[in-house]
Amino acid sequence: MNATPPPAGRRPHVLIVGGGASGVLMAAALLARPEGALRVTLVERGPLLGRGLAYATERPEHLLNTPAALMSARPDLPDDFVAWLRANGTPGARGADFAERGRYGRYLEQILAPWRGDPGRLRCLRAEVVRLDEDRGGVVRAR
């Protein structure tokens with residue numbers, strides 16, 4: 001696969017296949033870059049972003065295996081997940097708590113909120129990618 005620079009005046013475009021935890025975290029990290037020049041398309045076949053298999057459960061007994069203090073999606077804000085828990089129904093949340101997996105999935109889903117209203121920066125598509133094709137010019141298309 002060639003790393004061809006975009007035409008003049010166009011932002012580089014990153015396609016992320018899979019909108020589970022890793023896909024959402026990668027999209028947020030790319031979009032938060034200081035230069036702000038990237039466009040991101042996130043493709044997820046399921047109805048919810050950030051959930052994947054690990055965080056789609058709504059059963060309260062399914063807990064994270066890591067304390068909440070170590071689960072921030074934002075390296076610059078290590079208490080972000082704990083603060084989110086406190087603001088979203090668990091006012092007494094502590095960093096040592098093992099939160100519900102489903103609540104972490106909802107937290108991840110909200111990580112992309114700052115960019116959701118800007119289709120020039122972030123597009124979220126509900127689809128399934130089964131193949132990538134590259135043409136002779138180095139343009140890659142997802143199918």
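**Close-up views of a predicted protein chain**

Nine salt bridges turn up when the whole structure is searched. Please keep in mind that this is a predicted model. The legends below start with some of these pairs, then move on to the strands, a helix and the chain as a whole.

**View 1. Glutamate 109 and arginine 51 form a salt bridge.** The closest N and O atoms of glutamate 109 and arginine 51 are 3.0 Å apart. Here two distant parts of the chain are linked: glutamate 109 belongs to helix H3, while arginine 51 sits in the loop between S2 and H2, and 58 residues separate them. How well covered are the two partners? Arginine 51 is buried, its relative accessible area being 7%, whereas glutamate 109 is partly exposed at 25% relative accessibility.

**View 2. Aspartate 76 and arginine 74 meet through their side chains.** The salt bridge between them has an N to O distance of 2.9 Å. Take a look at the surface around each partner: aspartate 76 is exposed, with 53% relative accessibility, and arginine 74 is partly exposed, with a relative accessible area of 34%.

**View 3. Arginine 143 and aspartate 133 are joined by a salt bridge.** The N to O distance of this pair is 2.8 Å. Arginine 143 lies in the segment after strand S5 (140-142) and aspartate 133 in strand S4 (residues 132-134), so the salt bridge ties together parts that are ten residues apart in sequence. Both residues count as partly exposed, arginine 143 with a relative accessible area of 46% and aspartate 133 with one of 24%.

**View 4. Arg51, Glu58, Arg106 and Glu109 belong to one network.** Salt bridges with shared partners join these four residues. You have already met Arg51 and Glu109 as the pair of the opening view, with 3.0 Å between their closest N and O atoms.

**View 5. Strand S2 pairs with S1 and with S3.** S1 (residues 13-17) runs parallel to S2, and five bridges join the two. To find your way along this pairing, start at isoleucine 16, whose bridge partner in S2 is leucine 42. S2 also pairs in the parallel sense with S3 (residues 122-126), again over five bridges. On that side, valine 43 stands opposite leucine 125 of S3. S2 itself (residues 39-44) is mostly covered, with five of its six residues buried. As a help in reading the view, side chains in a regular strand alternate between the two faces of the sheet.

**View 6. Helix H2 places several residues under cover.** Which residues of H2 (residues 80-87) are buried? They are Asp80, Phe81, Val82, Trp84 and Leu85. Helix H3 (101-111) is included in what covers them. After H2 comes glycine 89, which has a positive phi near 105°.

**View 7. The protein chain has four helices and five strands.** Starting at the N terminus, the elements follow the order β-α-β-α-α-α-β-β-β. Along the principal axes, the C-alpha atoms fill a box of roughly 55 × 30 × 25 Å. Of the 143 residues, 32% are buried. Among contacts with a separation of 6 or more, 69% are between residues 24 or more positions apart. The chain exposes about 8800 Å², of which carbon and sulfur atoms supply 54%. Finally, the chain carries 21 positive and 15 negative charges, and their mean positions are 5 Å apart.

Conventions
Residues numbered from 1 in each chain as written. Predicted model: local features only at pLDDT ≥ 70, side-chain atom pairs only at ≥ 80, totals over all residues. Heavy atoms only, no water. Buried < 20%, exposed > 50% of the residue type's maximum accessible area, 1.4 Å probe, protein only. Pairing = 2+ DSSP bridges. Contact = heavy atoms within 4.5 Å. Areas by Shrake-Rupley, 256 points an atom, 1.4 Å probe, with all protein chains shown as cover. Lys, Arg positive; Asp, Glu negative; His and termini not counted. Charge placed at Lys NZ, Arg CZ, Asp CG, Glu CD.
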